[in-house]
Amino acid sequence: MITKIEKMCDYLITAKLVPWDLVAEDIENCLPIEMKIHLTTMETNLETFIKNKIIPPTKWTIDALIIVDACLDKTWEILNSCHWQFVPIEYRYCYSLCSILKAVLLEYQYDNNIKESTKNVILLKSIIQQIDKGILLGAPLPNVSYLLPKIASELNNHISKYRNKRKQEKTKYFQAVFIILLYVCSLAAKFLESSHLEELIIDSKNLYDSILPGCSEVAQYVEPSMEFFYKEIFVPKKPAILKDCIKHWKALNRWKNIEYLIKIAGNRTVPIEIGSRYTDENWTQQLLNFSEFLRKYVLVKSDQVGYLAQHQLFDQIPELKDDFAIPEYCNFTDNNDAETDDVQPDINAWFGPSGTISPLHFDPKNNLLCQVFGYKRIILYHPHDSSNLYPYDTRLLNNTAQVDPLNPNYKKWPDFSKTKGFMAYLKPGEILYIPPKWWHHVTSLTPSFSISFWWN
């Protein structure tokens, strides 16, 4: 006969995923001494409780949560005390480890009474939120780099199973959820109607000139061979649109389905840029639930622009990686060092409504910007034009131009008139190759999801 204690321990999702011996090793080797003192004993006790299927005393759990929250608060202060790159890595490790320990402690509040499903879903969502903070603010642990994304994925799957089960039982709670889903679907239909524009094609030279006088159109190629790409595009460092190269991606169809994205990422916390462009004074960033981001900034018109920009979403939510593949063109390199052969490109997500803008800037690496859905307009300038674009002279913005190519102030920036621009319209399923240090200004013309691959 299964005892109440055994039944409760069976619901400890996070605890079962944690390899406690490896976590103990990371605590011993990776944490600042002031954190190690508090967390070593806590980890040892938790490991004992879990292996022996013991429910810890309520007072011990409450006291442990107070300690881990204090460690998180102290670590948060240190993470925000200076520029991110100067934060000692051991404090980022600490934030990750504290997030894991807090998740396990919170799970002891799980009630396996089926009538308490609403309470349990809320609890699991709060645990996912803490895990996502660990992913975003912490650092992958040396021994268990995969652990935080795996925990979040399992918890998210558990919520989905819970909801499906309750839906079958036709409870009032899930009747309400069904009504909400109908509302979300109606919003999604409007979203797809606005984003799935089959014929947003701009090939008129006169229209190009009206937007950027004297500009040239970026060359386009249909499924260029590896040899052609290398000789004619990669080596000479020429921007190019590549057509029909990612038509096999599942993301091209799946990600237009908002319900699919909500199922995979709806409960996850992501960093959102608030404001038209990052050079504006009122620009800021917030951590938001993905569903909330959709509801506030993507599915409806908003007075503010919200943008999931330059985020390594696919490290945070690995399930989405199954829907696309790294383009083979990324195998070419500018670095002859054999040790870099197996280095994977940096993969970033760019998802937002119509009207998002990335100001004129350059990146130091090769870039394949792949359009999953929606349309974007990109204006480019050769690196030789850098001085005519008036880069900011601050350390953080020295790769960003002060000039707005769509509204240039020639009195303030007279040498901008010497530049020669290029323009491209990127459609669903197309790739734009942007060579290193080429300046580019990006505008979303519709709701848009792009993936960028950066590599040397």
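Start with the whole chain on screen: of its 456 residues, 49% are buried. Keep in mind that this is a predicted model. Colour by secondary structure and you should find 15 helices and 14 strands. If you like contact maps, here's one number for yours: among contacts with a separation of 6 or more, 79% are between residues 24 or more positions apart.

**Stop one: H4 and H5**

Select residues 33–51, which are helix H4, and add residues 58–79 for helix H5. Their axes sit 11 Å apart and the packing angle is about 140 degrees. The cut-off for roughly antiparallel is over 145 degrees, and H4 and H5 are therefore oblique to each other. Their crossing is left-handed. Now show side chains: H4 brings Met35, His38, Leu39, Met42, Asn45, Leu46 and Phe49, while H5 answers with Trp60, Ala64, Ile67, Val68, Cys71, Lys74 and Thr75. Sorted by class, that contact holds 10 nonpolar, 3 polar and 1 charged residues.

**Stop two: H5 and H6**

Keep H5, hide H4, and bring in helix H6, residues 89–107. The H5 and H6 axes come within 9 Å and cross at roughly 155 degrees, which makes H5 roughly antiparallel to H6. This crossing, too, is left-handed. On the H5 side, pick out Trp60, Thr61, Ala64, Leu65, Val68, Asp69, Cys71, Leu72, Thr75, Trp76, Ile78 and Leu79; they meet Tyr91, Arg92, Cys94, Tyr95, Cys98, Ser99, Leu101, Lys102, Leu105 and Leu106 in H6. The class split here is 16 nonpolar, 3 polar and 3 charged.

**Stop three: Thr400**

Next, jump to the loop between strand E10 (376–381) and strand E11 (421–426), and centre on Thr400. Is Thr400 buried or exposed? Switch on a surface and check: Thr400 has a relative accessible area of 0%, so it counts as buried.

What is Thr400 in contact with, leaving aside its neighbours within four places in sequence? Select Tyr278 and Thr279, then Pro359, Leu360 and His361, then Tyr390, Pro391 and Tyr392, and finally Trp439. For a polar partner, look at Asn399: the side chains of Thr400 and Asn399 make a polar contact at 3.3 Å.

One last distance to draw: put a C-alpha to C-alpha line from Thr400 to Asp363. They are 37 residues apart in sequence, and the line should read 9.4 Å.

Technical notes
Residues numbered from 1 in each chain as written. Predicted model: local features only at pLDDT ≥ 70, side-chain atom pairs only at ≥ 80, totals over all residues. Heavy atoms only, no water. Helix = DSSP H or I, 4+ residues; strand = E, 2+ residues; numbered from the N terminus. Buried < 20%, exposed > 50% of the residue type's maximum accessible area, 1.4 Å probe, protein only. Contact = heavy atoms within 4.5 Å. Polar contact = N/O pair within 3.5 Å; in protein donor to acceptor, adjacent residues only side chain to side chain. Axes fitted to C-alpha atoms, helices over the stretch in contact; angles between N-to-C directions. Parallel < 35°, antiparallel > 145°, perpendicular 65-115°, else oblique. Left-handed = near helix turned anticlockwise from the far one by under 90°. Nonpolar A, V, L, I, M, F, W, Y, C, P; charged D, E, K, R; others polar.
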